[in-house]
Amino acid sequence: MKIVVVGSIAYDAVETPAGKRESQLGGSACFFSTSASYFTEVGIIGVVGNDFAPSDRSMLERHGIDTTGLVEVDGKTFRWTGEYMDDINTAVTLDTQLNVFGDFEPTLTESHANAPYLFLANIDPNIQLKVLDAMISRPKWVASDTMNLWINIARPTLIDLISKVDMLIINEDEAKQLTGQNNLPNAAKAVMNLGPKSTVVKRGEYGASLFGKTFSFAAPAYPLERVIDPTGAGDSFAGGFMGYLASVENIDEESLRTATIYGSTMASFAVEDFGLQRIKNLTKSDISERFQAFTELTRFKPPASISNGA
Ligand code: AMP
């Protein structure tokens with residue numbers, strides 16, 4: 001197993017200007033793993049209740065996702081209710097029911113605990129820390145995400161966790177809230193001062209910015225005329241990003257830049273339909289065609305005076 005992800009597995013109730021869904025499969029770990037499954041082998045750590053549909057587990061397994069770490073216990077699956085009515089880039093949480101996540105104790109098999117890549121998707125930072133501590137050897141690359149709820153109610157644990165990861169992948173508003181910095185490069189710098197070597201700041205329809213200690217890179221969002229449901233765009237971004245990195249085995253400035261484009265590619269698919277509908281039905285050629293479209297979108301030719309260094 002190349003990547004292990006821990007995060008939420010949810011039934012989401014979502015309303016967007018394009019419509020409403022009462023209960024669709026979601027959760028940070030489901031979007032991440034489905035997206036990453038197009039690039040490499042992924043294992044999921046999480047918990048669901050006995051209302052979890054066998055067809056949802058089979059969907060994950062059809063993507064080659066290892067679900068031995070997806071445990072079912074008595075109770076109800078995590079449930080999130082949100083809307084994107086005033087601003088399509090910002091989810092407004094109307095309700096969060098932790099349900100079985102309330103007292104989840106993650107258990108890792110040897111295969112999980114030896115994985116070289118770990119993604120700590122958005123979930124209680126106490127659970128993220130437990131999974132990181134349970135790894136047998138320090139993975140080659142650990143990335144994490146979080147959200148405003150955890151910044152508000154679990155800041156000290158979150159800061160402790162962030163100090164131990166290689167990369168934080170976070171929304172712009174949350175990066176600013178976490179660091180108290182209102183300017184994007186300053187917020188990214190403040191994130192790296194907490195420990196990570198690099199950070200990706202996700203900016204919804206404005207794309208994503210990658211910051212390292214000595215470089216930065218910006219990817220646009222794919223220009224879509226209609227966004228149906230932004231839920232899961234961030235986790236799908238992270239799945240494409242980490243999936244690509246794990247598939248090339250080489251982490252340097254170049255691969256991080258390319259991973260940012262793969263992340264943006266997967267995020268652009270995620271928002272084209274409700275929930276996982278679009279990203280669960282992709283082909284490898286859909287992905288390479290859209291990657292190619294990104295290359296075209298960002299192509300420009302420096303004038304001779306610049307390329308000659310004159
Ligand atoms: P995003 O990629 O940020 O749009 O993530 C969307 C997913 O996050 C939804 O499918 C929700 O189920 C999940 N989610 C919402 N709130 C939380 C939370 N507090 N902890 C973990 N997952 C959450």
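Leaving aside its neighbours within four places in sequence, with which residues is Asn-122 in contact?

## The surroundings of Asn-122

In this predicted model, the residues in contact with Asn-122, apart from neighbours within four places in sequence, are Gly-7, Ser-8, Ser-28, Gln-128, Asp-145, Thr-146, Met-147 and Trp-150. Asn-122 itself belongs to the loop between strand S8 (117-120) and helix H4 (125-134).

Is Asn-122 buried or exposed? Its relative accessible area is 16%; because residues under 20% count as buried, Asn-122 is classed as buried. One of its contacts is polar: the side chains of Asn-122 and Trp-150 are joined at 3.0 Å.

## The ligand and its shell

Asn-122 also faces the ligand through its backbone, where an N or O atom lies 3.5 Å from a ligand nitrogen atom. Two side chains take part in similar pairs. A polar side-chain atom of Ser-8 lies 2.8 Å from a nitrogen atom of the ligand, and a polar side-chain atom of Asp-235 lies 2.6 Å from an oxygen atom of the ligand. The ligand exposes 510 Å² when taken alone, and the protein buries 91% of that area.

There are 19 residues around the ligand, and those that come nearest are Ser-8, Asp-12, Gly-27, Gly-232 and Asp-235. By type, the shell consists of ten nonpolar, seven polar and two charged residues. Four elements each give two or more residues to this shell: strand S2 (10-16), strand S6 (78-83), helix H5 (148-153) and helix H9 (233-248). Helix H9 supplies the largest share, three residues.

## An enclosed helix

Ser-28, listed above among the contacts of Asn-122, is part of helix H1 (residues 28-36). How many of the nine residues of this helix are buried? Nine of the nine are buried, so helix H1 is largely enclosed by the rest of the structure. The buried residues include Cys-30, Phe-31 and Phe-32 as well as Ser-33, Thr-34 and Ser-35.

## The nonpolar cores

Phe-32 of helix H1 appears again in the largest nonpolar core, which holds 55 residues. The members that touch the most others in this core are Ile-9, Phe-32, Phe-119, Met-167, Ile-169 and Phe-241. Beyond its neighbours within four places in sequence, Met-167 is in contact with Trp-141, Val-142, Ala-143, Ser-144, Pro-196, Ser-198, Thr-199, Val-200, Leu-210, Phe-241 and Leu-256.

A second core, separate from this one, has 24 residues, among them Val-6, Val-100, Ile-127 and Val-165.

Key:
Residues numbered from 1 in each chain as written. Predicted model: local features only at pLDDT ≥ 70, side-chain atom pairs only at ≥ 80, totals over all residues. Heavy atoms only, no water. Core = buried A, V, L, I, M, F, W, Y, C linked by side-chain atoms within 4.5 Å. Buried < 20%, exposed > 50% of the residue type's maximum accessible area, 1.4 Å probe, protein only. Contact = heavy atoms within 4.5 Å. Near = heavy atom within 4 Å. Polar contact = N/O pair within 3.5 Å; in protein donor to acceptor, adjacent residues only side chain to side chain. Areas by Shrake-Rupley, 256 points an atom, 1.4 Å probe, with all protein chains shown as cover. Nonpolar A, V, L, I, M, F, W, Y, C, P; charged D, E, K, R; others polar.
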